[in-house]
Amino acid sequence: MAKHAIIKSFYASEEWTNLRLQLINERGNRCEHCKEIIPKSKDIIGHHTIELTPENINDYSISLNPERIELICFDCHNKEHKRFGYQSEKEVFLIYGPPMSGKSSYVRNHMKRGDIVVDMDQLYAAVSYLPYYDKPDNLFSNVIGIHNLLLDNIKTRLGKWGNAWIIGGYADKYKRNRLADDLGAELIFCNVSQEECLRRLEIDEDRKYRKDEWSKYIIRWFETYTE
Ligand SMILES: [Zn+2]
Ligand SMILES: [Zn+2]
């Protein structure tokens, strides 16, 4: 996926060439995915599990970190990047839980570049030009319209995204399960107690002037939550 000159020069660099050879010496010539022997060492691909970008390429804890590099064969590498018609099944995840339960951090830690993420707060920010925690009521119908359009895209697997992540409260069990069924989504619960959510709100910098509003959101979520 080396489109940028800076990424091309990284792959040509001495640091990378040496690291790749060193890893081949240490790990041998078996593909780490399919376990097939790769006869010619020039065919062993050093694949970065975090896709390199011009922004992260100089962070050597990403680009030159053996723990983030896999030695794999050509076929497995194509599958990994979903190239040349190897489009594997798209996975859809519905991340739910109370406000302040860490849903967006969970997604940030598990998503890959090229995934699609649907988050009402971020959609609000995109069209209101306000910080994500300030959501004017009058824009709700427009924001929910975009949100529903994206959910429709995901439902029909329209587009070239990798996996999809839908973030929301989804306190009501019936609505949650129906949406998950509709989308063919796997449910992931950010299971954090009301006390802990309120404690996080107490020390949250972004929401420090909106504690009343957000503690109401938290309490309302727990009142309406059905397991
Ligand atoms: Zn392989
Ligand atoms: Zn790769």
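Which protein atoms are the donors of the zinc ion (ligand 1)? Four cysteine sulfurs do the job: the SG atoms of Cys31, Cys34, Cys73 and Cys76, lying 2.3 Å from the metal. Keep in mind as you look around that this is a predicted model.

**The zinc site**

The four donor atoms make angles of 104 to 116° among themselves, and the site is tetrahedral. Follow the chain and you'll find these donors spaced as C-x2-C-x38-C-x2-C. Cys31 sits in the loop between α2 (14–27) and β1 (45–48), while Cys76 belongs to helix α4 (residues 74–80), so this pair ties together parts that are 45 residues apart in sequence. Are these two cysteines buried or exposed? Cys31 counts as buried, at 1% relative accessibility, and Cys76 is buried too, with a relative accessible area of 8%. Both values fall under the 20% cut-off, so "buried" is the right word for each.

**Rings meeting rings**

Now for the aromatics. How many aromatic pairs does the structure hold? There are 11 of them. Take Phe189 and Tyr225: their ring centres are 5.5 Å apart and their planes meet at 25°, so the pair is stacked, the cut-off being under 30 degrees. Phe189 comes from strand β6 (residues 186–189) and Tyr225 from the segment after α10 (211–224), so here the pair links parts 36 residues apart in sequence.

Another pair, Trp221 and Phe222, is edge-to-face, with 4.9 Å from centre to centre and 80° between the planes. Here are the two pairs side by side:

| Pair | Centre to centre | Angle between planes | Type |
|---|---|---|---|
| Phe189 and Tyr225 | 5.5 Å | 25° | stacked |
| Trp221 and Phe222 | 4.9 Å | 80° | edge-to-face |

These residues also belong to a wider group: Tyr96, Phe189, Trp221, Phe222 and Tyr225 form one aromatic cluster. As for how much of that cluster shows at the surface, Trp221 counts as buried at 6% relative accessibility. Phe222 is partly exposed, with a relative accessible area of 23%, and Phe189 is partly exposed as well, at 28%.

**Charges over rings**

Two tryptophans have a charged neighbour to look for. Which residue lies over the face of Trp161? That's Lys90, at 4.8 Å from the ring centre. Over at Trp214, the charged end of Arg207 sits over the ring, 4.3 Å from its centre.

Technical notes. Residues are numbered from 1 along each chain as its sequence is written. Chains are lettered from A and ligands numbered from 1 in the order in which they are written. This is a predicted model: local features need pLDDT of at least 70, side-chain atom pairs count only at pLDDT 80 or more; totals for chains, interfaces and linings use all residues. Side-chain values use heavy atoms; hydrogens and water are left out. Rings of Phe, Tyr and Trp (its six-membered ring) pair if their centres lie within 6.5 Å; planes under 30 degrees apart count as stacked, over 60 as edge-to-face and the rest as tilted. Helices (H or I, at least four residues) and strands (E, at least two) are DSSP runs, numbered from the N terminus. Buried means under 20% relative accessible area, exposed over 50%, partly exposed in between (1.4 Å probe, protein chains only). A charge sits over a ring if NZ of Lys or CZ of Arg is within 6 Å of the ring centre and within 35 degrees of the ring normal. Donors are N, O and S atoms within 2.8 Å of the metal (3.2 Å for Na, K and Ca); water is not among the atoms, so sites may look incomplete. Four donors count as tetrahedral if all angles lie between 85 and 135 degrees; four count as square planar and six as octahedral if opposite donors are over 155 degrees apart and all others between 65 and 115; anything else is irregular.
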